[in-house]
Amino acid sequence: MRPRFSQIFLSLAFVAAVFSLTVSAQGRRVLAEAQRITGDRFTIAARTPRGANIYAVSRPGPAMLTAIDNGLADLFTVARKNGYRRNLHYSDYTVFIARADRQTNADGNYSPDIAIGAAQYAGTEYDKGGYIYVAGMVISNSPAAFVIAEHKRDLNRVSDIVRFEGEHLVLYHNDRRRYNQTADHSKGGGHPILQ
Ligand SMILES: [Zn+2]
């Protein structure tokens, strides 16, 4: 009995070690991708009160973290309403909080957004000369990660962006056909996707 127990214990320890290595390799890949897209360095790691993972350029305040939780809560509610069950834990999500590349939109309203390469949006109404401004953007489908900009006020906007970017990730994990139909806004369509 004794040797058998220690054997099981060792193999469990081995599995745990391999798993944590895999997770951190994945985490490093996603972090590198977020830094490539935004040109920012995410030196702050944090967690929301409900357990979502945060990487930020500067330490987010409690109101910002709560706004992210509220957006995820709305996302999970509407996802369940649509019969989706997968990837509905706060800890399934990583949110990168990047430096805003603009504070106001063309109408002069407060709108902290991120400039990214135009890619498939080149030549569309969004194209601002090789780049576009986005409120948020999915960085990785699995693990689920997206980027938003730092906000000093209008934190309801943060909750909306979190819910909206999260829609792509919920669909990726629960309804791949609908995900493919709605992932690329240059072909039309916007948010909310889920009602
Ligand atoms: Zn979208």
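**Strands, sheets and a shared core**

In strand E2, Asn53 is the residue that serves as bridge partner to Arg47. This pair is a good place to enter the structure, which is a predicted model. Strands E1 and E2 are joined by four bridges and pair in the antiparallel sense. Helix H3 packs on the sheet and touches E3, E7 and E8, while its direction makes about 40 degrees with that of E7.

The sheet in question is open and has five strands, in the order E1-E2-E3-E8-E7, with mixed pairing. Its edge strands are E1 (44–47) and E7, each of which pairs on one side only. On average, neighbouring strands of this sheet are turned by 25 degrees against each other, with direction ignored. At one end of the order, E7 (residues 136–140) pairs with E8 (residues 144–149) over four bridges in the antiparallel sense. The link from E7 to E8 is a hairpin through three residues. Within this pair, Gly136 is found opposite Ile148 of E8.

A further open sheet holds three strands in the order E4-E5-E6, and its pairing is antiparallel. E4 (102–104) and E6 (131–134) stand at the edges with a single partner strand each, so one side of each has no neighbour in the sheet. From one strand to the next, the twist averages 35 degrees. Strand E5 (residues 110–117) runs antiparallel to E6, and four bridges join them. One of the facing pairs here is Gly117 with Tyr131, its bridge partner in E6.

It helps to step back and look along the whole chain. The chain contains four helices and eight strands. Read from the N terminus, its elements follow the pattern α-β-β-α-β-β-β-β-β-β-α-α. Of the contacts in the chain with a separation of 6 or more, 57% are between residues 24 or more positions apart. Of its 195 residues, 29% count as buried.

Where do the nonpolar residues gather? In soluble globular proteins, nonpolar side chains tend to be buried together. The largest nonpolar core here has 38 residues, and Ile68, Val95, Phe96, Val147 and Ile148 touch the most other members. Two or more residues each come from helix H1 (2–38), strand E2 (53–56), H2, E3, E6, E8 and H3. H3 gives the largest share of this core, eight residues. Ile148, already met opposite Gly136, shows how such contacts spread: apart from neighbours within four places in sequence, Ile148 is in contact with Val95, Ile97, Ala135, Gly136, Val158, Ile161 and Val162.

Helix H3 itself spans residues 155–174, and its 20 residues reach 28 Å from the first C-alpha to the last, close to the 28 Å expected at 1.5 Å a residue. H3 also bends by about 25 degrees at Glu167.

A loop residue completes the picture. Asn87 lies in the loop between helix H2 (62–81) and strand E3 (93–98). Is Asn87 buried or exposed? Asn87 counts as buried because 21 C-beta neighbours lie inside 10 Å, and the cut-off for a buried residue is 20 or more. Not counting residues up to four places away in sequence, Asn87 touches Asp92, Ala144, Leu169, Val170 and His173. The last of these, His173, is 86 residues from Asn87 in sequence, yet the two are 6.6 Å apart in space, C-alpha to C-alpha.

How values were computed
Residues are numbered from 1 along each chain as its sequence is written. This is a predicted model: local features need pLDDT of at least 70, side-chain atom pairs count only at pLDDT 80 or more; totals for chains, interfaces and linings use all residues. The expected span of a helix is 1.5 Å times one less than its number of residues. The bend at a residue is the angle between axes fitted to the seven residues ending there and the seven starting there. Two strands pair if DSSP finds at least two bridges between them. Axes are lines fitted to C-alpha atoms, for helices over the stretch in contact, and angles run from 0 to 180 degrees between N-to-C directions. A residue is buried if 20 or more other C-beta atoms lie within 10 Å of its own, exposed if 12 or fewer, and partly exposed in between; C-beta atoms are placed from the backbone. Two residues are in contact if their C-beta atoms, placed from the backbone, lie within 7 Å. A nonpolar core is a set of buried Ala, Val, Leu, Ile, Met, Phe, Trp, Tyr and Cys residues joined through C-beta atoms within 7 Å.
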